[in-house]
Amino acid sequence: MSRRRPSDDSDAGQPHKRRRTSEPSEIEERLESLICRVGEKSNSSLESNLEGLAGVLEADLPNYKSKILRILCTVARLLPEKLTVYTTLVGLLNARNYNFGGEFVEAMIRQLKECLKVNMYNEAVHLVRFLSDLVNCHVIAAPSMVAMFENFVGVTQEEDVPQVRCDWYMFAFLSSLPWVGKELYEKKDAEMDRLLSQTESYLKRRQKIHVPMLQVWTADKPHPQEEYLDCLWSQIQKLKKDRWQERHILRPYLAFDSVLCEALQHNLPPFTPPPHTEDSVYPMPRVIFRMFDYTDDPEGPVMPGSHSVERFVIEENLHCIIKSHWKERKTCAAQLLSYPGNNKIPLNYHIVEVIFAELFQLPSPPHIEVMYTTLLIELCKLQPGSLPQVLAQATEMLYMRLDTMNTTCVDRFINWFSHHLSNFQFRWSWEDWSDCLTQDLEKPKPKFVREVLEKCMRLSYHQRIIDIVPASFSVLSPANPVCIYKYGDESNRSLPGYTVALCLTIAIKNKASNDEIFSILKDVPNPNQDDDDGEGFTFNPLKIEVFVQTLLHLAAKSFSHSFSALAKFHEVFKTLAESDEGKLHVLRVVYEVWKNHPQMIAVLVDKMIRTQIVDCAAVANWIFSSELAHDFTRFYIWEILHSTIRKMNKHVLKIHKELEETKARLARQHKR
Amino acid sequence: AMSFGGTLSILRSDSYAELSQYRDQHFRGTRYDQERLLRKSCTLYVGNLSFYTTEEQIHELFGKSGDIKKVIMGLDKVKKTACGFCFVEYYARGDAENAMRYINGTRLDDRIIRTDWDAGFKEGRQYGRGRSGGQVRDEYRQDYDAGRGGYGKTVQ
């Protein structure tokens, strides 16, 4: 919302857009605001707010029907966490205006078809769920909903289609049942039994090779990491066993039963799932992340079991809240904490579990990692007496299970934990983890602590880390990130290149030009002299060594100093590192100088790639070389490799785009 | 393009990434120019740093929202030492937006730091504008801040 500021008016003659305030768009904004805000904290009850809003909208129907339809369809698609609030609203409108109810259902079906056409499958699920809850609001007749589900489950009979296509239709059916299972079963039990039996046989025959790839832990204890459809199926089976009694979902429409049951229902038109095409991209299968159960909070309310629909609904809704408000961390935290359930569920545990589920999701989290760190900090601010303890408990549990945790997830755990600690003065009960000190340093637990301390140091400084851990942890403490200059000591004067290094040092301090540098370096003998093929500047590892060691040592003070050095002597670098062997050797020397300061190595490699001193292939060769084998399982190596691959990908995309644009321009030229 | 919906304004809300009320009074150009630059900038001003916070620490923290193009430390105009602010420039605007959303208002070196959009670094802007050489806010500060040279300059 743009607020006009005094400064706008004081502009000297600069044209700026004045917002033309036309009435219809103001009214549309007001309607959207009214609809979106219903269900938020209010002095009145939800029921009276819904009643009031239904009255307002009914009165506005003659003039603003299409706008209201559009807004309601959009909230159905984008605010699934408030599903039952809006189905109730639609139910009330349908009771007052049967035609509007019919038009809404038609609009929803159109929207559903469009979503499926453009691969918006996650939003399509919300629409299907919305339609199914409309059965509970007497807007849609149960038999027609069952018929739609019959067509969905029928997709599993299609031949030569990707499994993920059948999976989606199955998921859309099963995941609606917590809301509407009871009603559908009451009206059409035979059909439902048939559907459930077809579901069971599909689930038995489908492939699950993706599961080991997506599990955060390889171990089944204490909580198995289940395939998402298997888990949902167990939950629905249990729901059926409980005679479809579901007690968690808030159902405002129950309060309006007398009004709603007078309403006439609409039949869903027969829905044929759009066929599979080449362009169809279905959602990836998932594994359900579980880290808590009811034993983790013995004092508090009982956490719904892993095979209860309550667990499914809570997790779905919490994920939806994060999806809605990820840009607004305070709002997101507040919305998560005001999730209804009052004292019946251990909400803090659910929230922490859902956040870690996203953070550890493979292959990638839905949102940028740092969002989760900051969101957890906001939650700690809002619940200072309870959430930090749950987080500490979670951290302890994650630590205990490091042995079977996917390495990528361990990396994310390290990044989260070190960043989190840096916001809380690095306070942690490190002694609790003394067990790792007796283990081989390459084992997951001590390795984890080492990497955490290294990351903590990057966010502070070396002495701080020494101070925050018990003395016994010194074996895991990071090295002091100082540079190692091989020509520094008088005692090294016998090293080949020593005198040239001294000469170079003086020259650089006196602001020598690139040409002067080259002439000084001419004096460096080439240990590969015998292999010299006489083509002038061949690969001379000693030249590279003397130059790079000296320069990096002189520029060691900060990143900026080093970057300036790379820029100033770019020409020298390019010449010395012209060959592939040259590039590899430059990287080797950088490592030798800065092996105590992995962060420096990473930023130097990044800069050298960007300024084309080395290329991505050289970095890959260097990382996989035998000289670095001993560091292969240190996370900084993978940080560098991933960063290099990302740069390569971005570059490829960029030039691909340029190629397409040039082709398009050429095509336009030919047309003339 | 969809014939329906679009989005909702509550879901478009992105208050952390919006422009603040602050406008650099030394900016050469109109307010309009300045705001146009701010809206497409990849550069953030970072304030309330400790004088002892290093470029390395800043790089590590701000690197969490994306690849950093450059960090420019703010310097005391007289002493040429760090005086508690810096500029962080990203390659991509989206990365700077994420820094505004998730790094602004969190801690670096135990201090809550503040980030704001900057119209772009120009030579000279790395110096504090206070009379004594540091930042203006440290001229008149009444409280004692061990990470920012103790008491404000006028108090000293």
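These are my notes on the cysteines and on one sheet of this predicted model.

**Cysteines**

I started with disulfides and counted zero over all chains. I then went to C320(A), which sits in no disulfide; its nearest cysteine sulfur belongs to C332(A), 12 Å away. A pair has to come within 2.5 Å to count as a disulfide. I also asked myself: is C320(A) buried or exposed? C320(A) is buried, at a relative accessible area of 9%.

Next I looked up C42(B). Why is there no bond from the sulfur of C42(B)? The closest cysteine sulfur, in C86(B), is 16 Å off, which is too far for a bond. C42(B) came out buried as well, with a relative accessible area of 18%. The cut-off for buried is under 20%, so C42(B) makes it into that class.

**The sheet in chain B**

Then I turned to the strands. In what order do the four strands of the open sheet in chain B run? I read it as 2-3-1-6, with antiparallel pairing. Strand 2 (68–75) and strand 6 (114–118) of chain B are the edge strands, each pairing on one side only. I also checked the twist: neighbouring strands of this sheet are turned by 25 degrees against each other on average, direction ignored.

Last, I zoomed in on one pairing. Strand 1 (residues 43–47) and strand 3 (residues 82–90) of chain B run antiparallel and are joined by four bridges. Which residue of strand 3 is the bridge partner of T43(B)? I found E89(B) there. A reminder to myself: strands of a sheet pair through backbone hydrogen bonds, in either a parallel or an antiparallel way.

Note on methods:
Residues numbered from 1 in each chain as written. Chains lettered and ligands numbered in written order. Predicted model: local features only at pLDDT ≥ 70, side-chain atom pairs only at ≥ 80, totals over all residues. Heavy atoms only, no water. Buried < 20%, exposed > 50% of the residue type's maximum accessible area, 1.4 Å probe, protein only. Pairing = 2+ DSSP bridges. Helix = DSSP H or I, 4+ residues; strand = E, 2+ residues; numbered from the N terminus. Axes fitted to C-alpha atoms, helices over the stretch in contact; angles between N-to-C directions.
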